[in-house]
Amino acid sequence: VVSDLLRRGWEPVLSGRDGGKLEAVAAASDGEVDVRPAPVDDPVALDRALAGVAAVVNCAGPFAVTAGPVIEAALRAGVPYLDVAAEIEAVADTFAGYDEAATGAGVVIVPAMAFYGGLGDLLATAAVGDWPGADEICIAYALDGWRPTVGTRAAGQVSADRRGGRRIVYSRGRLEHRADEAPVLDWDFPAPVGRQRVRAEFTMADSVTIPRHLATPEVRTFMSIAAVRDLGDPDAGLRPSDDHGGRAAQRFLVEVVARRGAEERRAVARGRDIYGISGPLAVEAATRVVQGNVACTGVVSAGQAFDAADFLGALPLEDLSVG
């Protein structure tokens with residue numbers, strides 16, 4: 001996020017509880033970066049950190065812990081808030097808990113503005129197009145591996161604890177908890193990926209963001225088995241970068257299928273590094289919000305807030321198709 005802000009001419013302000021780590025990020029950055037340490041449980045320090053900023057992008061999970069205090073600081077400052085949360089419960093809490101206050105204050109809040117949540121929502125919005133709704137929206141993720149960060153693991157553990165061993169699906173127009181084993185089946189991805197074994201009902205933040213503005217009773221999600229195995233491997237570390245831009249070697253393909261009666265519409269995005277694409281997603285969104293290129297105020301999802309096709313076209317994807 002910091003490198004993408006600098007690339008686009010913004011002046012980042014780094015905030016978090018560990019001043020030493022912030023200084024290290026600033027020192028490694030190719031541009032001017034302000035550092036303002038602030039723990040999430042110190043409202044006065046958060047207010048100082050947000051003084052004079054144009055927007056805040058929260059990258060610090062678990063978001064079940066950080067989103068609320070940072071959103072409240074953003075509301076006090078009267079500035080937009082965005083985050084990269086993939087935690088289903090935390091994203092749902094943001095919609096439920098802050099929409100009225102944000103709408104009343106004329107502030108835009110965009111949770112889950114990252115690979116999980118934002119990208120799937122934008123693809124689904126583009127696929128649905130001018131339909132008034134869809135009977136179901138399927139999102140299939142093909143990752144050649146998923147080497148999760150420490151933050152991903154910590155956030156996942158918080159969500160797992162909240163669910164008490166159950167899993168979540170969006171079905172019949174609501175989020176449901178299920179205790180049975182998730183199905184495993186095959187999904188035929190576009191070339192060059194082809195047929196892959198996938199875990200069905202692998203619910204991510206898209207299942208919260210999409211139904212906020214697209215009329216559908218079912219959001220079905222599928223994740224390649226290779227990625228599921230990596231996520232469950234405590235020894236799986238991040239893949240090293242293989243280029244000068246810092247992108248990891250990981251490859252992804254996301255296919256969204258919207259169905260309405262006998263009709264189908266699809267949107268497909270292909271690229272590299274699910275963490276690396278989250279930076280441009282968040283920064284593009286923040287830029288559009290600050291410039292006033294957003295459809296509404298309150299707590300909104302990516303597809304609700306922005307022109308989906310135009311936004312997708314601005315991202316550093318290797319391939320994009322809608323139709």
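The following dialogue examines strand pairing, helix packing and nonpolar cores in a predicted model.

Student: In which sense do strand 12 and strand 13 run, and how many bridges join them?
Tutor: Strand 12 covers residues 251-260 and strand 13 covers residues 263-272. The two form a hairpin with two residues between them, and G261 in the turn has a positive phi of about 65 degrees. Their sense is antiparallel, and the number of bridges joining them is ten.

Student: Which residue of strand 13 is the bridge partner of L253?
Tutor: L253 belongs to the pairing of strand 12 (residues 251-260) with strand 13. Its bridge partner in strand 13 is R270.

Student: Which residue in strand 15 stands opposite A269?
Tutor: Strand 13 also pairs with strand 15 (residues 319-322), in the antiparallel sense and over four bridges. In strand 15, the residue opposite A269 is L320.

Student: Are helix 4 and helix 5 roughly parallel or roughly perpendicular to each other?
Tutor: The axes of helix 4 (residues 63-77) and helix 5 (residues 88-105) come within 10 Å and cross at roughly 5 degrees. Angles under 35 degrees count as roughly parallel. The two helices are therefore roughly parallel.

Student: How many residues of the contact of helix 4 with helix 5 are charged?
Tutor: Helix 4 contributes residues including F63, G68 and E72, while helix 5 contributes, among them, T94 and Y98. The residues of this contact divide into ten nonpolar and two polar, and the number charged is one.

Student: Are helix 5 and helix 7 roughly parallel or roughly perpendicular to each other?
Tutor: Helix 5 packs against helix 7 (residues 150-163) with the axes 8 Å apart and at an angle of about 80 degrees. Angles of 65 to 115 degrees count as roughly perpendicular. Helix 5 and helix 7 are therefore roughly perpendicular.

Student: How many residues of the contact of helix 5 with helix 7 are charged?
Tutor: The contact is made by I88, E89, A90 and D93 of helix 5 and by S159, R162 and R163 of helix 7. Two of these residues are nonpolar and one is polar, and the number charged is four.

Student: Which helix gives the largest share of the largest nonpolar core?
Tutor: This core has 50 residues, of which M113, F115, I137 and L143 touch the most other members. I137 touches residues including A124, V128, L214 and V256. The largest share, nine residues, comes from helix 6 (residues 115-128).

Student: How many residues does the other core, which lies apart from it, contain?
Tutor: Its members include A45, V84, A282 and V299. The size of this other core is 32 residues.

Notes. Residues are numbered from 1 along each chain as its sequence is written. This is a predicted model: local features need pLDDT of at least 70, side-chain atom pairs count only at pLDDT 80 or more; totals for chains, interfaces and linings use all residues. Side-chain values use heavy atoms; hydrogens and water are left out. Two strands pair if DSSP finds at least two bridges between them. Axes are lines fitted to C-alpha atoms, for helices over the stretch in contact, and angles run from 0 to 180 degrees between N-to-C directions. Angles under 35 degrees count as roughly parallel, over 145 as roughly antiparallel, 65 to 115 as roughly perpendicular and the rest as oblique. Contact means heavy atoms within 4.5 Å. Ala, Val, Leu, Ile, Met, Phe, Trp, Tyr, Cys and Pro count as nonpolar, Asp, Glu, Lys and Arg as charged, and the others, Gly among them, as polar. A nonpolar core is a set of buried Ala, Val, Leu, Ile, Met, Phe, Trp, Tyr and Cys residues joined through side-chain atoms within 4.5 Å. Buried means under 20% relative accessible area, exposed over 50%, partly exposed in between (1.4 Å probe, protein chains only). Lists of a residue's contacts leave out its neighbours within four places in sequence.
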